Amino acid sequence: MNDHHHGPAKGLKRWLFATNHKDIGTMYLWFSFSMFILGGTFAMIIRAELFQPGLQLVEPGFFNQMTTMHGLVMVFGAIMPSFVGLANWMIPLMIGAPDMALPRMNNWSFWILPPTFLLLASTLFMEGGGPAFGWTFYAPLSTTYAPPSVTFFIFAIHLLGLSSIMGSINIVATVMNLRAPGMTYMKMPLFVWTWFITAYLLIAVMPVLAGLVTMMLMDIHFGTSFFSAAGGGDPVLFQHVFWFFGHPEVYIIILPAFGVVSQIIPTFARKRLFGYDSMVYATASIAFLSFIVWAHHMYTVGMPVAGELFFMYATLLIAVPTGVKVFNWVTTMWRGALTFETPMLFCIGFIILFTIGGFTGLMLAIAPSDFQYHDSYFVVAHFHYVMVAGAVFSMSAAIYYWLPKWCGKMYSEGMGKAHFWISFIGFNMAFFPQHFVGLAGMPRRIPDYALQFADFNMMSSIGAFIYGLSQILFLFNVIATIRGGKRISDEKVWEGAEGLEWTLPTPVPFHTFSVPPQVR
Amino acid sequence: MQLFGDNPVLNTVAKMVTVVIGMFAFVFVVMVPLYNVLCDALGINGKTSGERYEVVQIQVDESREVTIQFVTTNNEGMPWEFGPTTTMMKVHPGAVNDTVFYARNPLSRDMVAQAVPSISPSRAAEYFHKTECFCFDQQALQAQQSVEMPLQFIVDQDLPRDITTITLSYTLFDVTDMVKDVVASR
Amino acid sequence: MYFKAIRLMQLAPGPALLLLALASGAAWSDDSKYNMPMGATSVSHSIYDLHMVILWICVVIGVAVFGVMFYSIIMHRKSRGVTPATFHESTQVEVAWTVVPFLILLFIAVPATTTLLDVYDSTEAELDILVTGYQWKWKYEYLNEDGENVAFFSSLSTSQDEIHNIEAKGKNYLLEVDEPMVIPAGTKVRFLVTAYDVIHSWWVPELAVKRDAIPGFINEAWTRTEGTGVYRGQCAELCGKDHGFMPIVVNVVSQQEYGEWMALKKAEAAEVEALMAQNFTLDELATRGKAVYDRACLACHGANGEGGLGNAIAGSPIATGTMGAHLNAAVYGVPGTAMQAFGGQLNDVDMAAVVTYQRNAFGNNMGDMVQPVDVYNYKKGQQGESQ
C-alpha cells in the first residue's frame, strides 16, 4: 500500500533536496560518469604525449599534473562514487527497505562531491599549477616542494573523505537495521555483503587519510616536522601512513565489484552462486588481511629484512581468498545454462582480466622481484587490469543489468555487445604492452622514454584512444535507452534473476517497500 | 552502549562516528609515536638514537676491528661547509673513540643547523652508541663563524660478527626559520 | 548466421590471449623488449629466475581456470538445450582450492626468502660509493680507503634538440650521461643511497638494484658483476618535473681500467686546483661557461636564458646587477625557491665560467667577468652583498 500521494518534486529542487535513494543513486552515477570522462581526458593527454618518444604536446611539469589528476579523479571521483551510487540504488531494494537509514545525510554525502571536484580541477589554473606529485603525494615532494595549490588539494581530500565516511555510515546503519523481516545476514545478496564490509573498511581508513593530510597541512603551514628529517621527522612515515590507508582503499574499490559479479553470473548461468558462505568468509578475510599488507607498496624504501619478509608473506596470503572467489564464480557457471547478454560478457571479461591483474599482483608480492617491478610500468599495467578491467567492467555490467529494471526500457543489445568488444580490445591493447615495457625497464610517471619502449607505447596509446571512444558508445546507448528504449514491464527482466529487487514492478516506482516484504 | 535510547539507527551511527574519531586520533596518538619508538628501539631506518648514551662498562674487544666511515651531506638550501676531519677510522668494539667534524657558516647572516645521523647497515644502528654528538643539539653559527664539533662513540661488543664496516652519515639541515618560529611564538 | 558469428566472437578471447601469452613467451631472451633482463649479476639472475617461475605458475593456473571456463561457455550454454544443475556448495571443494594455492605459495616463499636475504647482505664490500639524488641528476662520491674521495655529478647528456624533436634521437636517447659511474668488475660494490631534496630512487635493471634515496637517511644496496659492460637505468621515484630526465649509467670495467680511471679523476681534481691560479680571458671563461650552463642551468633557466621553472637570465636584475649579488645567488642558492646552492656542485673554475657567461650572454653584455680565484675568495668571506 502506497502512503505517498504525490510524486517527486519538480525541477531543480527535486535533485538539490533529494532524499530518495534512487534519485541520489542516479546523481552519483551521472556524476561519476562525468568524472570518468574528465579523468579519461587527462589520460588521453598522457597517452597522446607518450604516443612517441620526445616531448611534443606538454611540458614535463604539466604532464605530472595530468598523471596526478588522472589518478585522483578516477579513484575518488569516478570509481568510488559510481559504486556508492550503485549501493544507494540497490541496497534498499535488495534488503527490502524503503530507503537508506539516513536520507538527509545521504543528500549531503552526494552534494559535497561536485563542488569538491570543481575545487580540485580549479587547482590546474592556479599559480604554480595543480598537484603534480602523483595521486600518492609522497612527502617532501608534496610538502616542502609543493605548489601553493597543495592547500586546496588537502582541503579537497578532507571533503572527499567526509563524503565517503558519511556514505559508509549510512550503508552500515541501513544494512544493520533496515533488513526486511526474515532477511538474516546469511540470506543477504552478496552485493549487500561486499558493500557492508567495504563500508566498514571506509569508516576505518578514510580517517587515516584525513589524519595524514592534516599532518601534511601542519608541516606545510604550522612548522611541524612529521615528514622532514630536519625537525626529527621522517619521509618514510608518510609512506607507512599513506599505504595503511592505501591498501585497504584498493580493496574498497574492488569488493563491491566482486559483489556485482556475484549477482550477475548466477542470473545468466541460471544457477545459484556456488559457495555463498565461502564467498562471504573470503570477502571478510580479504578485508581483515588488507590491514596488514601495506608495506608491499614500499619494498624499496629500506625496511629491515624482517619487515620485508613479513609483508611479503602476508601479501602472498591474501591471494588465497581472492583465488577462492574466482573459483567460485567459474563453478557457478559450470553446468549452468548460460546465455551471453551484455552484462554477462562484461562479467566474463572481468573474470579473465581481473584474474590476470591478480596474477601480476602475485608477482609484485614477491619482494626481491619487486625490486625490478616497483615504480615501473609493470605496476601501472597491474593496477589498470584490476581497476579498469576489474572495477570499471563490473560497473558497466551493473548498468546494463539493472538499468532496464530502473527505467523500464531495454538497451540495445547490439550496441551493448559492441561496447563490450571494443572496450575489451581497446583495454588490452592499451595495457597489455605496458607489462612488457615495465619489465624491460621503463619507469612510471615519465613524459618521455628511451627508444626501445617506443613501439609498445604507440600501441598502448592507440588502445587507450579506442577504449576511450567506446565509452561514448556506452553513453549514447544509455541515453537512447532512457529516452526511447523498448519498453519492458516484466518484473524479472532477466530469466534467471533472483532477489527482492526483481519482485518489484518494472520500472521501479519512486517509493518501494514502504511496507517491508516477508523474506522466507 | 545506547546513546540514543531505543533508536537503533542512531545508535549504529554513534558507534560508527566513534570509530571514525578513534581512527583519526589513532594516526596522531598511535601511528606516529609507535613509528618513532620502533625506529629508535630497533634501530630501524638507520636512525641512531638522538640520545646521549650512558656508558655502563667498557670492555674492549681487541680481537675485532670495525671500520667506521664518516660521510656528510648538505641538504638543499644548506650552504655551510661541513665535513669530517677523518673519513675513516678502524676501531675495536667496546673502545671509546673520538673524532671531530668541522663546520663553517660562509654567509653574512647568523644561522642555525641540525645534523641528522643515519647509519648503514641499518641493523648496526642499535650497536652504535654516541656518548657525545653535535647531532644532539642544534648548532648555531654566526656569520662567517667556524666551529669544530666533537663526536664520541662506542661500538657495542655485541655487534654481529659479519658487520665489518659501518657508515655513519650526517645530513645537515638549515633550521634557522624553525628556531625563529619557536622563539617568536614564546 | 548472426548468432553463430556472435558465438564465434565470444570464443575468440580465450585462444587469443593464450596465443598472446605464448607469443610473448617465445621472446624470453635477454635484451628482449618483452621481459625483465637476466642481468649481469648473480642477484639479477636469481631475481629473473624467481620472476620466471612465478610467471609460469600463473600461466599454468590461468590456462587451467580459463580452460574450465571456456569449456563451460561452449558446452553449458542454454542454446544447447542444457538444463542447469542445482549444486551450489561443497565444503570439500572449498577446502581443496584453499589448501592447494596455499601450498603453491609456500613453495614460492622459500626461494623468495633466500633471494631477499641475499639482496640484503651487503657485508664485505670492497668499494663504497655514496649515491645522492638531486633534482634532477645524481652525484657519486667514491669513499676511497686512502681518504682521497672522488666526487662528481652525473647528468643527462641527451640534447634538448633531440628531446624537442629538432634533431634525430641517438641510440641511447635519455639513457646517457656526461659522467658515468665507473666500477671494477668482479668487485663487491656497496652503494650508500641518499637524497639532497626530495625522494628519488636509484634503479639499474641489469644489476637488479633499486633503492629509494631519502633525504636525511642512508639506504644500502650492493652489486657484483662478473664481466664488463655498460648498464643503464633511470630514477624510479617521482621527484618533480625532470624525473624522467635523470638517468644512470654504470660502466663496469676491468680492475686495471678502473685504477686508471680513478687516477685520472684524482688528477682532474688536481688540474682544477692548478686552473684556480690562472687568469682567463672573457672569451675563455664564456666558452667554458656555456658548456657549464647547458649542463647545470639550462633545465630550469632555458636554452636562451628565457626562464621556465627558474627566472629568466636574459635581462635578469641579478645577472645584470652587482657581481656580489650574482655570486651569492649562484653559490648559495636562493632559499625558499627551487634555486639550489651550486657552490657545492660546481668547482670554482666552472662557477667563475658560468657566472661570466650568464652576465655576457642572452643580450646581457655586461662586459665583466670573474676569475676562479675570485670565486674562491668570495666563498672564503670577502664578498660583496649580504643576503
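**Exercises on a predicted model**

In chain B, 74% of the contacts (heavy atoms within 4.5 Å) with a separation of 6 or more join residues 24 or more positions apart. This is a predicted model, in which local features need pLDDT of at least 70, side-chain atom pairs count only at pLDDT 80 or more, and totals for chains, interfaces and linings use all residues. Residues are numbered from 1 along each chain as its sequence is written, chains are lettered from A and ligands numbered from 1 in the order in which they are written, and side-chain values use heavy atoms, with hydrogens and water left out.

**Exercise 1.** State which pattern chain B follows along the sequence, and why chain B is described as more spread out than a compact globule.

*Solution.*
Step 1. Helices (H or I, at least four residues) and strands (E, at least two) are DSSP runs, numbered from the N terminus.
Step 2. Chain B holds 2 helices and 9 strands, in the order α-β-β-β-β-β-β-β-β-β-α.
Step 3. Its radius of gyration, taken over C-alpha atoms, is 23 Å, well over the 16 Å that the globule rule (2.2 Å times the number of residues to the power 0.38) gives for 186 residues, so chain B is more spread out than a compact globule.

**Exercise 2.** Determine whether Ser262(A) is buried or exposed, and what its side chain reaches.

*Solution.*
Step 1. Ser262(A) lies in helix H8 (residues 235–269) of chain A.
Step 2. Buried means under 20% relative accessible area, and exposed over 50%, with partly exposed in between (1.4 Å probe, protein chains only).
Step 3. Ser262(A) has 3% relative accessibility and therefore counts as buried.
Step 4. Its side chain reaches the backbone oxygen of Phe258(A) at 2.8 Å.

Key:
A polar contact is a pair of N or O atoms within 3.5 Å; within protein, one must be able to donate a hydrogen and the other to accept it, and residues adjacent in sequence count only if both atoms are side-chain atoms.
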